[in-house]
Amino acid sequence: MKVYTKTGDTGTTALFGGTRVPKHHIRIESYGTVDELNSHIGLIRDQDINVLYKNVLIEVQDRLFTVGAILATPPEKEMLKNGQPRLNINRISEEDIAFLENEIDSMDTALPQMTHFVLPGGHTTVSYCHIARCVCRRAERLATHLHELEPTDEQVIKYLNRLSDYLFVLARKLSFDLQAEEVKWIPRK
């Protein structure tokens, strides 16, 4: 099988189920941004960080492929003609969200209390986390926009919301672990 199909040469692409839409369609923007997020998370995972974080990030990357598949499937194509779901995969569950919450709580207990916003940066790996967090927030915004236009699995939106929180706390925990300075933002008066 060749990588190139030439079917997108006119600016359209196929969703799961075969529906063709413009490449700038909100559904494409949504799952494309999730794909971008997944790549940024791979970059974090490639850093010299604790294997525990790497394992969590692999789990997150797996779940993001599921998120992408869900977002790539229009509601009218979710079920096959035989009544079976088109996506024969585990959906995003409350357990997936609880997993992130547990990881956040675990890291947070080792961190000093936050009294101010912090400026992104201090170490390259920390900056990668902040970039991933921002991309995650964009994915969440796009998914909520899509949800306004066409119903979307609400667990996806919840997962993206919690994931951005996880990435923020991971950035703080990596700052702590790497002994990087966490610069507080103190508004000018």
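In this predicted model, helix 1 and helix 2 meet through an extended list of residues. Helix 1 contributes Arg 27, Ser 30, Tyr 31, Val 34, Leu 37, Asn 38, Ile 41, Gly 42, Ile 44 and Arg 45. Helix 2 answers with Lys 54, Leu 57, Ile 58, Val 60, Gln 61, Leu 64, Phe 65, Val 67, Gly 68, Ile 70 and Leu 71. By class, the residues of this contact divide into 13 nonpolar, 5 polar and 3 charged.

Two packed helices are described by the angle between their axes and the distance between the axes. For helix 1 and helix 2, the angle is about 170° and the axes lie 9 Å apart. The angle is over 145 degrees, so helix 1 is roughly antiparallel to helix 2.

Leu 64 of helix 2 takes part in this contact. Beyond residues up to four places away in sequence, Leu 64 touches Val 34, Leu 37, Asn 38 and Ile 41. Leu 64 also touches Tyr 159, Leu 160 and Leu 163.

The largest nonpolar core holds 42 residues. Leu 37, Leu 64, Tyr 159, Leu 163, Tyr 166 and Leu 170 touch the most other members. Helix 1 (26–45), helix 2 (51–71), helix 3, helix 4 (124–149) and helix 5 (154–177) each supply at least two residues of this core. Helix 5 provides the largest share, 11 residues.

Phe 99 sits in helix 3 (residues 94–108). Its relative accessibility is 28%, so Phe 99 counts as partly exposed. Leaving aside residues up to four places away in sequence, Phe 99 touches Val 56 and Glu 59. Phe 99 and Phe 117 are 18 residues apart in sequence. In space, their C-alpha atoms are 25 Å apart.

The count of aromatic pairs comes to 1. Phe 117 and Trp 185 form this pair. A pair of aromatic rings is described by the distance of the centres and the angle of the planes. Here the centres are 6.2 Å apart, with 55° between the planes, and the pair is tilted. Phe 117 belongs to strand 3 (residues 117–118) and Trp 185 to strand 4 (residues 184–185). The pair links distant parts of the chain, 68 residues apart.

The two partners fall into separate accessibility classes. Phe 117 has a relative accessible area of 59% and is therefore exposed. Trp 185, at 42%, is partly exposed.

Conventions:
Residues numbered from 1 in each chain as written. Predicted model: local features only at pLDDT ≥ 70, side-chain atom pairs only at ≥ 80, totals over all residues. Heavy atoms only, no water. Helix = DSSP H or I, 4+ residues; strand = E, 2+ residues; numbered from the N terminus. Buried < 20%, exposed > 50% of the residue type's maximum accessible area, 1.4 Å probe, protein only. Contact = heavy atoms within 4.5 Å. Core = buried A, V, L, I, M, F, W, Y, C linked by side-chain atoms within 4.5 Å. Axes fitted to C-alpha atoms, helices over the stretch in contact; angles between N-to-C directions. Parallel < 35°, antiparallel > 145°, perpendicular 65-115°, else oblique. Nonpolar A, V, L, I, M, F, W, Y, C, P; charged D, E, K, R; others polar. Phe/Tyr/Trp six-rings, centres within 6.5 Å; stacked < 30°, edge-to-face > 60°.
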